[in-house]
Structure formats: structure tokens, C-alpha cells
Amino acid sequence: MASHPILVGINPPAKPPLSQLRLLTRASRLIGMDTMMIWDHFQDFIPQALWTEENTWLVEQLKYPHEHYDYQVLLGHLAAYAGNMRLGVGVTEPIRRHPVLIAQAMMTLSHMTKRPPILGIGAGERENTEPYGLSINRSVGRLEEALQIIRRCYTSRGPFSFEGEFFQLDGAVMDLVPEDGKAPPIWVAAHGPRMLRLTGQYGDGWYPTIPYSRDEYGDRLSTIRNHAQEAGRDPSGIVGSLSVPAFIASSDKEARDILELRASRIVGLTFPAEVFERHGLTHPLGSQFKGFADFIPESYSEEELDHALDQITPEFLAQTVIWGSPDTLAEYFRQLGEGGLRHVVLTPVSALASKKVMNMLPLALRRLRRSLQ
């Protein structure tokens, strides 16, 4: 048994149809999910060239993979169906959205939900910026300023100013107060040293997206808490969380079979080069590839994608992705719990496989949560 309970959430893309997202919200609440985090995307990670009947049955429901709702509007709508389940965004960034707007949106949502919503925030992704004429250069510096401004919005009353390289505020006012006086917690999607420092200085939670080992997870969380202590903050107040795609199925065999599907390989393709290096391999998209933050799906031809996916084997996926029955996944998360994990948020990518697998997911997730509680 884990020495501490581990909360469990779900992280679905904000895709049509709206009726299905309402149903998912209700179902997640009824089976006891602790959180539901919504993507903030213009594009999906699956290119149109791979969104075919041969790769996934979901083509029956959605013709184009890149249809995404705006997370702010969507979360406001879903708040009426969430009950005590916490809602949040996982994750947004201060390139497309001004930090004052991000703070205002989350504090507005706090008036619609029973529990403070979670602001997941990171440095940004190329697919949501560069195709739209927005630069992702120096995005960590921009994020650092944004985190300072959001904190000011949470605590300041009356005009305040900020003089930074990326943002300049002169007598800005954001007097909206959260419904219960509790500011929405900030979870930072951090991996590199500088991002870990920012998490310790400004974050209420750590929200990584790489499936670390227990020791790797614990070492990075310790680094974050050391930075928090240096900044005069309470290190124990930072929640250790994790957001990962998971191939969860009724049994280990069924989950392993899903890894054989070609569509499953796209998950491995979005891992950073360092994951491949651990296994003595070079990333198909280059040794400097930074993972999903570096991936612009429609910038590759079908031939390039096919060539890249051919290099990602089911055996490699079995060693790198999160897969298995609820009991198998629970054991992995318990190990991370020894390193400080307290909240896991899953994107159940096994839904790509079939309608049968998707319909099984609520029971599997409920079983996982009960095991971790």
C-alpha cells in the first residue's frame, strides 16, 4: 500500500462533440475521478495523414483530428456538470494568452466550480505558436514574467505595475477575487533545470509529462522543493503530480496488444530525444528533438511520418509508455508515490484502439483510483 493516497484525474482533449464531453464529465464525476484537466490546443498531436480508418475507429466520430474547443469557454460550460470534481487546464501558456487574461479566466472559473480550478501552465509548444506567426523563442523567460504577473493578479488590489522584457503593465487592475478566497493553484509543466527552478519559486504543483522512474521523479521534486525553500516558500506545499498518456485496458495482454497498433506509435514519436537515448536509440525526428513541445504534426509529409513510425517498435513502446491493467498501473504510480507523487492525471490513449476499449475505460479508471486510495 502507498503511504499516501494518490489522487487520479483525466486529461481529455477539448474535442467535439460537446455532448460527449458533457457525458465524460458526468461519468468522471460519478466514478470518483478527482480532477479533469482540459487541453489548450489549436492542433492535435496526431497528423491528418494518420487520422484514418486503418489507424483508429475515432474517425467515425471526428473527421478531422485538429478540431479543438477553446478551453476557457469549455470549462465554464462543463462546470455545471463537474460537481465536486476539480476542473483545470492542462496546460496553457503566456504566448497566445496574456497572463492577466489567464488569471482572470481561472478566477472567473472559480465562481462556477465547487472547488478551486487548477491552472496548468508551461512554456508552450511549437504546434500552437509557430504556424500562427507567434515565436516560441525565449519562452521560459516569458513564462517567468507571466508567473510573477499571475501571482500579482491573485494578491493585488488596485493598480499595480510590472516592468519586464516581455510584459509591461502600468497601473493595471485585476480586482476579481476567487469565489472562496482561495486562488486557483498553479501547476507548472517543468522538465529542465530552469523550469524546475520556476516551479519552486512560483508553483503550487509540479506537472511533468515524462514517465520518470521513482528515483528520477524524487530527485526532480527534491530540486523543486529546494528552490522553494530558497525563495522563502513552504516546500511541502508543492504538489507532486504527473500527466501522461496511458494505454490502460482490462488486462495487461489487452493493453500490450494495443501497442501493436500503428496509431499507438505516435505517442512514442512525441517523446523527447532523451527518452530514446536511454535505450541506445536516436529519435526518428533528430537527436535534438524536444518531444511534443517540438512537434508540428502537419509540417511532415506522409512519407516522413511513415518512415519515422517504422522506427518505433511495439517493443520500444512497451519499455517507455505507461501501459497495462489498472492493477499494473497502480503499482507503477505507487512506486512514484515513494518519490513524492500525489496526483496523477491520465490521457487514456488506449481509446484509439476500439469502441469496446473506450467503453471499458470508466470501469478501469475507477478500479485504478480505488487501488491508489
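## A ring pair across the chain

Phe 292 comes out as partly exposed, with a relative accessible area of 24%. That places Phe 292 above the 20% mark under which a residue would be called buried. Keep in mind that this is a predicted model.

Ring pairing is a good place to go next. The count of aromatic pairs comes to 10. Take Phe 45 and Phe 292: their ring centres are 5.7 Å apart and their planes meet at 65°, so this pair is edge-to-face. The two partners come from distant parts of the chain, 247 residues apart. Phe 45 belongs to the loop between strand E2 (35-38) and helix H2 (71-82), while Phe 292 belongs to the loop between helix H9 (273-278) and helix H10 (302-310).

Unlike Phe 292, which is partly exposed, Phe 45 counts as buried, at 16% relative accessibility. Trp 39 joins in too: ring pairs link Trp 39, Phe 45 and Phe 292 into a cluster.

## Charges over rings

Two side chains put a charge over an aromatic face. Arg 96 has its charged end over the ring of Phe 42, 4.7 Å from the centre. Lys 15 lies over the face of Trp 51, and here the distance to the ring centre is 5.5 Å.

## The cavity

Trp 51 shows up again here, as one of the residues lining the largest cavity. The rest of that lining is Ile 46, Leu 50, Thr 56, Ala 263 and Ile 266. By type, the lining splits into five nonpolar residues, one polar and no charged.

As for volume, the largest cavity holds about 30 Å³ of space, and the structure has one cavity of 30 Å³ or more.

Key: Residues are numbered from 1 along each chain as its sequence is written. This is a predicted model: local features need pLDDT of at least 70, side-chain atom pairs count only at pLDDT 80 or more; totals for chains, interfaces and linings use all residues. Side-chain values use heavy atoms; hydrogens and water are left out. Rings of Phe, Tyr and Trp (its six-membered ring) pair if their centres lie within 6.5 Å; planes under 30 degrees apart count as stacked, over 60 as edge-to-face and the rest as tilted. Helices (H or I, at least four residues) and strands (E, at least two) are DSSP runs, numbered from the N terminus. Buried means under 20% relative accessible area, exposed over 50%, partly exposed in between (1.4 Å probe, protein chains only). A charge sits over a ring if NZ of Lys or CZ of Arg is within 6 Å of the ring centre and within 35 degrees of the ring normal. On a 1 Å grid over the protein atoms alone, a cavity is a set of points where a 1.4 Å probe fits but cannot get out, and a pocket is an open set with protein on both sides within 12 Å along at least five of seven lines; lining residues have an atom within 4 Å of a point. Grid points are joined across faces, edges and corners, and a volume is the space filled by probe spheres set on the points. Ala, Val, Leu, Ile, Met, Phe, Trp, Tyr, Cys and Pro count as nonpolar, Asp, Glu, Lys and Arg as charged, and the others, Gly among them, as polar.
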